[in-house]
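This report describes one protein structure for a reader who has not met it before. Please keep the sequence and the model in view while reading.

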Amino acid sequence: MITVEHLTKRYGDFTAVNNLSFEIEEGHVYGFLGPNGAGKSTTMNIMTGCLSATEGRVRIGGYDIFEEPDKAKRLMGYLPEQPPLYMNETPVEYLKFVGEAKGLKGRELAEQIEKVISQTKLEDVRNRLISKLSKGYRQRVGIAQALLGNPKVIILDEPTVGLDPLQIIEIRDLIGQLGQEHTVILSSHILSEVQAICEKVLIIAKGKLVAFDKPENLEKLLMASNTVSFIAEAKTDEIDEILKGMWVAADWQMKDMGNGSTCVEVQIEQGEASNLCRSIFFAFAKEGKALLELTSKKANLEDVFIELTESDIAERGLTESVLEVTEMEEKEIKEQKTVEKIIIKEEEYKMDGTEESGVEDK
Ligand code: ADP
Ligand code: MG
């Protein structure tokens with residue numbers, strides 16, 4: 001539905017969007033996630049034909065946004081970060097204005113306005129001045145104008161920013177409903193938000209794509225997704241001995257807690273946590289060492305986000321090889337604990353021609 005190829009936007013020496021490539025398929029809800037200043041709005045403005053690009057190509061339903069902007073734009077509805085609402089108009093007047101600008105008229109325009117008003121639940125305020133509406137209602141007016149003309153793709157730039165929790169829930173529900181009929185792309189710097197509504201997430205940092213996957217797979221890419229931690233009444237060298245005897249491939253860190261006990265964190269593969277907990281329990285019992293605590297921790301998208309945007313992958317961007325890996329079988333993803341490690345492994349592989357798996361086959 002949408003193809004973005006090597007998109008770059010520079011402002012003087014500053015590169016706001018850096019060689020971004022991705023594809024959006026029809027009929028899904030996509031999340032465009034990244035910290036402030038990552039380049040989300042810039043990318044969305046270029047994709048919707050509101051801003052020129054320095055380099056690269058964007059095609060919407062086969063139409064090039066720079067070469068055939070009218071045809072491409074007809075397929076999209078856009079809610080910019082700061083929608084240009086006219087405060088002295090009512091929602092109906094404003095929607096009429098936008099609808100006409102989109103080429104709608106007469107009965108079709110009237111029907112479309114009624115449809116989007118009902119979709120965005122604006123009935124109660126339809127004839128009130130926009131200046132008198134709450135931020136939540138104004139946001140709905142913004143979404144309503146994006147829906148006019150029934151475009152295939154709806155692009156929403158931070159649609160829940162500045163809303164109160166109740167309004168956020170309402171807008172999220174609305175987005176979920178829109179996702180049943182449209183391809184939806186929404187940007188957000190809030191992880192739980194994209195986790196809750198999006199089927200696929202693009203993470204960008206410093207203008208580069210650092211991850212593109214399902215929320216659940218992004219979690220799998222992360223080391224902390226697989227942490228078992230425990231406190232044992234044992235010294236560090238004793239713990240080393242026990243762990244080496246049972247879990248050869250995992251990495252672990254230890255911290256001496258004083259008073260003869262040690263805190264240990266073990267990194268393992270997704271889904272292995274309960275097995276590892278069981279093994280640790282019996283191995284330490286066998287050695288007569290007491291476990292004072294034993295817990296496993298699963299990462300959420302927040303951890304992935306921090307890991308990806310703070311790592312130097314953000315400096316380099318997501319390489320082709322990582323893109324391929326994220327699309328690989330889940331089994332293969334499981335063998336890699338972090339994107340960082342995937343890259344290192346690829347390099348090792350190229351260097352000596354053999355892949356050294358750090359994880360023992362099970
Ligand atoms: P996001 O929406 O992810 O917060 P933006 O796309 O708005 O990020 O901005 C990306 C970067 O580009 C930011 O560092 C921002 O300061 C910069 N930027 C955006 N617009 C301009 C502009 N017109 N001139 C110079 N720099 C800009
Ligand atoms: Mg923005």
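## Surface and overall content

The surface that the chain exposes amounts to about 17,900 Å², and carbon and sulfur atoms supply 48% of it. The model discussed here is a predicted one. Of the 362 residues in the chain, 48% are buried.

The chain contains 15 helices and 14 strands. When contacts in the chain between residues at least 6 apart in sequence are considered, 68% of them join residues at least 24 apart.

## A four-stranded sheet and its helix

Four strands form an open sheet in the order β2-β1-β4-β5, and their pairing is antiparallel. The edges are occupied by β2, which covers residues 14–24, and by β5, which covers residues 63–64; each of these strands pairs on one side only. Helix α1, made of residues 40–47, packs on this sheet and touches β1 (2–11), β2 and β4. The direction of helix α1 makes about 120° with that of β1.

At one end of the strand order, β4 (residues 55–60) pairs with β5 in the antiparallel sense over two bridges. Arg59 has Asp64 in β5 as its bridge partner.

## Salt bridges across the sheet

Side chains of opposite charge can pair when their charged atoms come close. The structure holds twelve salt bridges. One of them joins Glu5 and Arg57, with the closest N and O atoms 3.3 Å apart. Because Glu5 belongs to strand β1 and Arg57 to strand β4, this pair ties together parts that are 52 residues apart in sequence. Glu5 is partly exposed, at a relative accessible area of 28%, and Arg57 is also partly exposed, at 36% relative accessibility.

Glu5 also forms a salt bridge with Arg59, where the closest N and O atoms are 3.5 Å apart. Arg59 lies in strand β4 and Glu5 in strand β1, so this pair ties together parts that are 54 residues apart in sequence. Arg59 is partly exposed, its relative accessible area being 24%. Glu5, Arg57 and Arg59 are thus linked in a network of salt bridges.

## A salt bridge between two loops

Another salt bridge connects Lys152 with Glu26, and here the closest N and O atoms are 4.0 Å apart. Lys152 lies in the loop between α5 (135–147) and β7 (153–157), while Glu26 lies in the loop between β2 and β3 (29–33); the pair therefore ties together parts that are 126 residues apart in sequence.

Both residues have intermediate accessibility. Lys152 counts as partly exposed at 42% relative accessibility, and Glu26 is partly exposed with a relative accessible area of 49%.

## The magnesium site

A magnesium ion, ligand 2, has Ser41 and Glu81 as its protein donors. The donor atoms are OG of Ser41 and OE of Glu81, and they lie 2.0 to 2.6 Å from the ion. Ser41 lies in helix α1, and Glu81 is placed in the loop between β6 (76–79) and α3 (91–101), so the pair ties together parts that are 40 residues apart in sequence. Helix α1 is also the helix that packs on the sheet described above.

Are these two donor residues buried or partly exposed? Ser41 counts as buried, since its relative accessibility is 18% and the limit for a buried residue is under 20%. Glu81, at 44% relative accessibility, counts as partly exposed.

## Residues with a positive phi

Most residues other than glycine have a negative phi. Asn19 is not a glycine, yet its phi is positive, at about 55°. Asn19 is placed in strand β2, which is one of the edge strands of the sheet. With 44% relative accessibility, Asn19 counts as partly exposed.

Lys206, likewise not a glycine, has a positive phi of about 50°. The location of Lys206 is the loop between β9 (200–205) and β10 (208–213). Lys206 counts as partly exposed, with 49% relative accessibility.

Conventions. Residues are numbered from 1 along each chain as its sequence is written. Chains are lettered from A and ligands numbered from 1 in the order in which they are written. This is a predicted model: local features need pLDDT of at least 70, side-chain atom pairs count only at pLDDT 80 or more; totals for chains, interfaces and linings use all residues. Side-chain values use heavy atoms; hydrogens and water are left out. Two strands pair if DSSP finds at least two bridges between them. Contact means heavy atoms within 4.5 Å. Axes are lines fitted to C-alpha atoms, for helices over the stretch in contact, and angles run from 0 to 180 degrees between N-to-C directions. Buried means under 20% relative accessible area, exposed over 50%, partly exposed in between (1.4 Å probe, protein chains only). Accessible areas come from the Shrake-Rupley method with a 1.4 Å probe; for residues, only the protein chains shown count as cover. A salt bridge is a side-chain nitrogen of Lys or Arg within 4 Å of a carboxyl oxygen of Asp or Glu. Donors are N, O and S atoms within 2.8 Å of the metal (3.2 Å for Na, K and Ca); water is not among the atoms, so sites may look incomplete.
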